[in-house]
Amino acid sequence: MTRIDLHCHSTASDGTLTPAELVRAGFEAGLDVMAITDHDTTGGWAEAAAARPPGLTLIRGAELSCRWYGVEPAIPLHMLAYLFDPEEPALAADLARLRTDREQRAEQIVELLRADGVDISWPEVHGYAAGGSVGRPHIAQALIRAGLVRTTDEAFASRWLGARYFVPKADLDVFEAVQAIRAAGGVAVFAHPNATVRGRIVPDKLIVELAAAGLFGLEADHEDHTVEQRAHVRALAERLGLVATGSSDFHGSHKTVRLGAFGTAPDAYAKIVAAATGVPALG
Ligand code: AMP
Ligand code: FE
Ligand code: FE
Ligand code: ZN
């Protein structure tokens, strides 16, 4: 059986394994194909490619911070982008802007916490991100160090990063993101589209519009979907002629999910690779 996990994070964003450790862990876990999909960055690609064990195919990707502006307030969502050209100027500029905003936003969150007497600092949080895309899990790490919460999950509760100290990111318009991914030769797959545990989700009619705008697939099997939500997303993909994927969304010790906990079928994977023209699968 081919084991394909198309959504994994490294220290280039909010995962806890370095890109080299990530690909080795994927191989050890018995994966045949693994995608590196850090938030808003391709910063882990080179290290992952250099460390790729023979026998593991590496798909280079990213997870883009997006928003649907069709309702008020707009709904944030994540778009996976696979095998795009990292040098394509428009998409590269979008990613750079998202990362800069992530820094400013994290610094604002730290300031809000400090104003309430929480003893963490921006240099500390920035240090945890270690040059990668900064995210709330890095602030969670500082809250854990300060003894205020025990786990990342606790730090995402509404009294901390979930609501009280929440500052929104400057996300990309989702239609512009799909367009930019395609223009860079990539393939766009909507990450965990029905994950109500993460907050508001978009209606199916938006997914219909995105499919018409060039969306290629939907991530159906994901730990944040119930069994019913997985079936619903799968059926929607089928109805719209989109591929359905499954993946772990591995984040190392920032989450409990294991590599390969969910997988993608070989035919869906083959369609993604065949549709991409930016960079090749490595392996
Ligand atoms: P951010 O991208 O900065 O808004 O932070 C959200 C990220 O934190 C997502 O990519 C999640 O994968 C990660 N995360 C880890 N634990 C949690 C949690 N309990 N709730 C929400 N997000 C979480
Ligand atoms: Fe994350
Ligand atoms: Fe995500
Ligand atoms: Zn993810």
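Tutor: Donors are N, O and S atoms within 2.8 Å of the metal (3.2 Å for Na, K and Ca), and sites may look incomplete because water is not among the atoms. This is a predicted model, in which local features need pLDDT of at least 70 and side-chain atom pairs pLDDT 80 or more, while totals for chains, interfaces and linings use all residues. Residues are numbered from 1 along each chain as written, chains are lettered from A and ligands numbered from 1 in written order, and side-chain values use heavy atoms, without hydrogens or water.

Student: What spacing do the donors of the iron ion (ligand 3) follow along the chain?

Tutor: Glu-63 contributes OE, His-78 ND1 and His-192 NE2, at 2.0 to 2.3 Å from the iron ion (ligand 3). Along the chain, the spacing of these donors is E-x14-H-x113-H.

Student: How many residues apart are Glu-63 and His-192?

Tutor: With DSSP runs as elements (helices, H or I, at least four residues; strands, E, at least two), Glu-63 belongs to strand 3 (residues 57-68). His-192 lies in the loop between strand 6 (187-190) and helix 8 (204-212), and this pair links distant parts of the chain, the separation in residues being 129.

Student: How far apart are the iron ion (ligand 3) and the iron ion (ligand 2)?

Tutor: The ion that has Glu-63, His-78 and His-192 as its protein donors is ligand 3. From this ion to the iron ion (ligand 2), the distance is 5.6 Å.

Student: What share of the accessible area of ligand 1 does the protein cover?

Tutor: Among the polar contacts (N or O pairs within 3.5 Å), an oxygen atom of ligand 1 lies 2.7 Å from a side-chain N or O atom of His-39, and a backbone N or O atom of Arg-136 is 2.8 Å from a ligand 1 oxygen. Of the 490 Å² of accessible area (Shrake-Rupley, 1.4 Å probe) that ligand 1 has on its own, the share covered by the protein is 86%.

Notes. Polar contact = N/O pair within 3.5 Å; in protein donor to acceptor, adjacent residues only side chain to side chain.
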